[in-house]
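Me: Please take one pocket and go through it closely, along with the parts that border it. I am new to this structure, so explain each term as you use it.

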Amino acid sequence: MAETFDIAIVGAGITGCAIARQLARFDLSICVVEAANDIALGASKANGGLVHAGYDPAPGTVKAQVNARGCELYGTWAQELGFLFCRTGSMVLGFSDEDRAHLEKLRQNGLANGVPELAIIGPDRIHELEPRASADATCALWCPSTGYVDPFEVAIAALENAVANGVTFMRSAPVEAIEVAGGEATDRAARFTLATPAGDVHCRYLINAAGNGAADISHMAGAEEFQMVWRQGNIVVLDKEPRTLMPLYPVPTPVSKGVIVTGTVHGNTVITATAAVREPGDTQTYASDVNALLTGARKLVPDLDTRRVVRAFAGGRPVIKGTNDFFIGQSAVVPGLFQAAGIQSPGVASAPAIAERMEQVLRESGVALRERADWNPIRRAPDDFDRAPLARKEELIESDPAWGQIVCRCETVPEAEIVAAIRRRPGAVSVEGVKRRCRAGMGRCQSGFCQSRVVAILARELECDPSEVLLEDTGSWLVEGPLKGVR
């Protein structure tokens, strides 16, 4: 007989992983059910990684309630989970009196939402804070609490910590149907049965954190009917800079924060993101969108060398049609089903607070949450050879010569670091899974040198033929067979 979990969470994006980590502290059996074969393959992957401070959402919205709190929590989460987080501050640049009036509205929004230390500043202070900001900027909203993270590093770290505390992770398990039993959600028996190709999942409570698939999960469970809009965004990544840029924003529009230029935790510059409603699942990059990004970026940072582009990619924000807000709470139709849907921007910034809010919603709904005596909130970060001090590099190489065998030259990633990424729980099972965990292939050559070696290491570690190694998700094979008769 299959195990019955207290809680099943559908979706292993940053929202689902954050919720799993938050709830892992309690005496509950929890399963995270993911359609893809790895963590953060949806909206969390195609993301600029900005931890927005919370001055943008309209006061009183759910977004406003979780954005500033999420930003505040990132310092603690980064320390406990061992992911990189830079709280650099940010500026929204204005170029006219009209812009200045809009900045004042944003400042008032921020004050209402609990964002600390907001100030409107002039040109001298702008260039003191970020010398590369446009000299045409006449004013700016200065926000010291903004920062940035690697969004899939956050999701991976959160789920690793959850799994270490007993959470089960099911990958390659798209939910195909949901059966809802009668009776109260508080019964010990399973109320929900999720049918997946990896087997049925039985649970007493169900949390829908399925991103762009959230409407489908809600429909299958007989809960609220809503429609997701695919608000597609193109993003451009530039090569590393000697000094990373502070996040710089234009004055926002009603549907978007506009084209933003920001540094990253690894030293690249990212230009993010366009906002166009397109067909669901469209992850194509468009020349018009990329040109709009480059033009918008040069307005904010005129000396930005946009010839240094190493990658352009796209993804879709999970927007609920007819609202620009998050939907977090128990279903009004199906007791025991909890929704975390419509988590578009600022989803990354809000993730820790969404998890906190979900815990509170569960409590208010009568779910018994008793803290475990053996709960461990700490996840030790894996060794990053490129960033390690020389003494640590030497120590690692002494412990295993594979730490001295560099596979990815652009990011200085050795074989042992790739092996560690595969062996972690949950570990990488694809080339892109390795890339997300240790950056092998993220450099300026974009896997041109190292991909074949990563494939060989994956084949060895997963005990499969190289032809079975995937680039990303199911069906993305890289190798068809032997070349010139050599195996």
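Reply: A pocket here is an open set of points, on a 1 Å grid over the protein atoms alone, where a 1.4 Å probe fits and where protein lies on both sides within 12 Å along at least five of seven lines; its lining residues have an atom within 4 Å of a point. The model is predicted, with local features needing pLDDT of at least 70 and side-chain atom pairs pLDDT 80 or more, while totals for chains, interfaces and linings use all residues. Residues are numbered from 1 along each chain as its sequence is written, and side-chain values use heavy atoms, without hydrogens and water.

The second largest pocket has a volume of about 450 Å³, a volume being the space filled by probe spheres set on grid points joined across faces, edges and corners. Its lining counts 26 residues, and Glu153, His266, Pro382, Asp384 and Arg437 are the ones nearest the centre. Two or more lining residues come from each of helix H5 (151-164), helix H10 (415-423) and helix H11 (431-438); helices (H or I, at least four residues) and strands (E, at least two) are DSSP runs numbered from the N terminus. Sorted by class, the lining holds 15 charged residues (Asp, Glu, Lys, Arg), 9 nonpolar (Ala, Val, Leu, Ile, Met, Phe, Trp, Tyr, Cys, Pro) and 2 polar (the others, Gly among them).

Of the lining helices, take H10: 7 of its 9 residues are buried, meaning under 20% relative accessible area (1.4 Å probe, protein chains only). The buried residues of H10 are Glu415, Ala416, Glu417, Ile418, Val419, Ala421 and Ile422. Strand E21 (406-408), strand E22 (413-414), H11 and helix H12 (451-462) are among the elements that cover them.

H5, which lines the pocket, also supplies at least two residues of the largest nonpolar core, as do helix H2 (62-81) and helix H8 (347-364), among others. That core has 60 residues, and Tyr74 and Phe83 have the most contacts inside it; a nonpolar core is a set of buried Ala, Val, Leu, Ile, Met, Phe, Trp, Tyr and Cys residues joined through side-chain atoms within 4.5 Å. Beyond four places in sequence, Tyr74 is in contact (heavy atoms within 4.5 Å) with residues including Phe83, Phe85, Val149, Val154, Val348 and Pro352. Another core, of 24 residues, lies apart from this one and includes Trp142, Leu245, Val261 and Leu304.

Notes
Buried < 20%, exposed > 50% of the residue type's maximum accessible area, 1.4 Å probe, protein only.
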